[in-house]
Amino acid sequence: MAKLVLSLQGRMLSEFELNKENITIGRKPDNDIHIDNLAVSGHHAVVHTLFNQAFLEDLNSTNGTLVNNETITKRALKEGDVVTIGKHELKYVAGGGVAEEDNPFDRTVVIRSPLAGAAPPPPKPAAAAFDPNATTQTKSTPAAAPAASAMVAKVAILSGPDKGKEFSFTKPVTTFGKKGVQVAAVSQKPEGYYIQHMEGASTPTVNGESIGSRTVLLKEYDVLEVAGIKMTFLVS
């Protein structure tokens, strides 16, 4: 199980397992990780854990939250990251969980035929022909949607130098985008795939609408824009 190791000036103070979805950090005693120091806000930050991926979010603290000496508002944590809150440090130990995936925009992907735009929706099933001499009539029944666990989701890149390429979401949580510009996370849940904003001044869009701080359920053929790159969400 992943954990945070709390230390002060190089001296380890305690360890905290990330054993629930939200772990709060702050000066007030009601926090899961209580740091009694005036440089720490009452409710300073929170660690969200989704499957085996942890995300750190600053809660508008007075003195800010740093990861590896960089001020953040929200950040996906990876093995060995050092979180600085006031004078205290918290080292993230993944504990054998799912490692952070390489940025899909920076890695080699399978090249498909170039796409001119979003793929057209699949044709509707044809209605059964009516036979006036038949004793009973058979009605066409739409195929049931596949369970999320059976889905294989991917995006097809529609703009930029990688136009025409595709990559699949093969892990429970995938972060992608451009660090320092805009990063999003797509997570798989039983009912489908969700996108949320992780870092960057502006937020991703779905079908031209900013997602803000919401977690948005994706539908097939939705057009996403992350870090200036447009892509179509596909499910097979």
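How many salt bridges does the structure hold? The exercises below work towards this and related points.

The model is a predicted one, in which local features need pLDDT of at least 70 and side-chain atom pairs count only at pLDDT 80 or more, while totals for chains, interfaces and linings use all residues. Residues are numbered from 1 along each chain as its sequence is written, and side-chain values use heavy atoms, with hydrogens and water left out.

**Exercise 1. Describe the protein chain as a whole.**

Step 1. Begin with secondary structure, where helices (H or I, at least four residues) and strands (E, at least two) are DSSP runs numbered from the N terminus. The protein chain has zero helices and 21 strands.

Step 2. Turn to burial, for which buried means under 20% relative accessible area, exposed over 50%, and partly exposed in between, with a 1.4 Å probe and protein chains only. Of the 236 residues of the protein chain, 40% count as buried.

Step 3. Consider the surface, where accessible areas come from the Shrake-Rupley method with a 1.4 Å probe and, for residues, only the protein chains shown count as cover. The accessible surface of the protein chain is about 13,200 Å², and carbon and sulfur atoms account for 52% of that area.

Step 4. Finish with contacts, meaning heavy atoms within 4.5 Å. Of the contacts between residues at least 6 apart in sequence, 41% join residues at least 24 apart.

**Exercise 2. Work out the salt bridges and the burial of their partners.**

Step 1. Apply the criterion: a salt bridge is a side-chain nitrogen of Lys or Arg within 4 Å of a carboxyl oxygen of Asp or Glu. By this criterion the structure holds eight salt bridges. As background, side chains of opposite charge can pair when their charged atoms come close.

Step 2. Take R75 and E70, which form a salt bridge with their closest N and O atoms 3.1 Å apart. R75 counts as buried at 7% relative accessibility, whereas E70 counts as partly exposed at 34%.

Step 3. Take K78 and D81, whose salt bridge has its closest N and O atoms 3.4 Å apart. Here K78 is partly exposed, with a relative accessible area of 35%, and D81 is buried at 3% relative accessibility.

Step 4. Take E166 and K154, which form a salt bridge with closest N and O atoms 3.2 Å apart. This pair links distant parts of the chain, 12 residues apart, with E166 in strand β13 (residues 166–168) and K154 in strand β12 (residues 153–157). E166 is buried, with a relative accessible area of 12%, while K154 is partly exposed at 22% relative accessibility.

Step 5. Look for shared partners: salt bridges of this kind join E70, R75 and E199 into one network.

**Exercise 3. Trace two open sheets and find their edges.**

Step 1. Use the pairing rule, by which two strands pair if DSSP finds at least two bridges between them. One open sheet has four strands in the order β14-β15-β16-β19, with antiparallel pairing. Because β14 (173–178) and β19 (216–217) each have a single partner strand, they stand at the edges, and one side of each is left without a neighbour in the sheet.

Step 2. Inside this sheet, strand β15 (residues 182–189) and strand β16 (residues 192–199) run antiparallel and are joined by seven bridges, with A184 opposite H197 in β16.

Step 3. Another open sheet has five strands in the order β4-β3-β5-β6-β9, with mixed pairing. Its edge strands are β4 (33–34) and β9 (74–76), each of which pairs on one side only.

Step 4. In that sheet, four bridges join strand β3 (residues 22–26) to strand β5 (residues 45–50), which run antiparallel, and I25 stands opposite A45 in β5.

**Exercise 4. Place strand β20 among its surroundings.**

Step 1. Recall that in a regular strand the side chains alternate between the two faces of the sheet. Strand β20 (residues 223–226) has a covered face, L224 and V226, and an uncovered one, V223 and E225.

Step 2. Identify the partners. Strand β17 (residues 205–206) pairs with β20 in the antiparallel sense over two bridges, V206 standing opposite L224. Four bridges join β20 to the antiparallel strand β21 (residues 229–235), where I229 is the bridge partner of V226.

Step 3. Examine the turn: the hairpin of β20 and β21 has two residues between the strands, and A227 takes a positive phi near 55 degrees.

Step 4. Relate V226 to F176, which lies in strand β14 and counts as buried at 1% relative accessibility. The C-alpha atoms of F176 and V226 are separated by 8.2 Å, although these residues are 50 apart along the chain.
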